[in-house]
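The following exercises are to be worked with the sequence and the coordinates at hand. Each task is followed by a stepwise solution.

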Amino acid sequence: MAFVITSPCIGEKAADCVDVCPVDCIAEGEDQFFIDPDICIDCGACEAVCPVQAIYYEEDVPPEELKYLQKAIEFYKTYEGETN
Ligand code: SF4
């Protein structure tokens with residue numbers, strides 16, 4: 001399980017989540033930020049600070065936003081930036 005960044009991030013990209021993530025698993029994509037589901041420890045810190053409520057726990061993602069989990073998985077298949 002992991003947290004997922006959904007559509008409200010697109011065009012917003014506030015990046016508050018990046019600053020609070022204790023394991024640095026949030027990276028910037030072209031149109032939105034993405035959480036690496038393999039590294040996320042489900043702490044919820046990002047969800048609490050997101051100004052547009054774009055972040056959901058995987059089980060709570062609205063059905064119409066579920067594609068964003070797959071989008072994150074696809075993003076990290078090719079992402080080679082530093083996640084530490
Ligand atoms: Fe990072 Fe915690 Fe958000 Fe996962 S839930 S992305 S570990 S801040």
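**Exercise 1.** In which loop is Ala-15 found? Determine also its phi and its exposure.

*Solution.* The model is predicted: local features need pLDDT of at least 70, side-chain atom pairs count only at pLDDT 80 or more, and totals for chains, interfaces and linings use all residues. Residues are numbered from 1 along each chain as its sequence is written, and side-chain values use heavy atoms, with hydrogens and water left out.

Step 1. Ala-15 belongs to the loop between strand E1 (3-5) and helix H1 (16-20). Helices (H or I, at least four residues) and strands (E, at least two) are DSSP runs, numbered from the N terminus.

Step 2. Its phi is near 70°, a positive value in a residue other than glycine.

Step 3. Ala-15 counts as partly exposed because its relative accessibility is 24%. Buried means under 20% relative accessible area, exposed over 50%, and partly exposed in between (1.4 Å probe, protein chains only).

**Exercise 2.** Carry out the analysis for Asp-42.

*Solution.* Step 1. Asp-42 is placed in the loop between strand E3 (33-35) and helix H2 (45-49). Step 2. Although Asp-42 is not a glycine, it has a positive phi of about 60°. Step 3. With 29% relative accessibility, Asp-42 counts as partly exposed.

**Exercise 3.** Is Phe-3 buried or exposed, and which residues distant in sequence does Phe-3 contact?

*Solution.* Step 1. Phe-3 lies in strand E1. Step 2. Phe-3 is buried, as its relative accessible area is 7%. Step 3. Leaving aside neighbours within four places in sequence, the contacts of Phe-3 (heavy atoms within 4.5 Å) include Asp-42, Ile-35, Cys-46 and Ile-55.

**Exercise 4.** Which members of the largest nonpolar core touch the most other members?

*Solution.* Step 1. A nonpolar core is a set of buried Ala, Val, Leu, Ile, Met, Phe, Trp, Tyr and Cys residues joined through side-chain atoms within 4.5 Å. Step 2. In the largest such core, of 15 residues, they are Ile-5, Ile-26, Ile-35, Cys-46 and Ile-55. Step 3. E1 and E3 each supply at least two residues of this core. Step 4. Another core, of five residues, lies apart from it, with Ala-27, Phe-34, Ala-72 and Tyr-76 among them.

**Exercise 5.** Where is Glu-65 found, and which side chain of opposite charge is nearest to it?

*Solution.* Step 1. Glu-65 is in the loop between strand E4 (55-57) and helix H3 (67-78). Step 2. Leaving aside neighbours within four places in sequence, Glu-65 contacts Thr-6, Ser-7 and Pro-8. Step 3. The nearest side chain of opposite charge (Lys and Arg positive, Asp and Glu negative; His and the chain ends not counted) is Lys-67, 6.5 Å away. Step 4. Glu-65 is buried yet has no salt bridge, that is, a side-chain nitrogen of Lys or Arg within 4 Å of a carboxyl oxygen of Asp or Glu.
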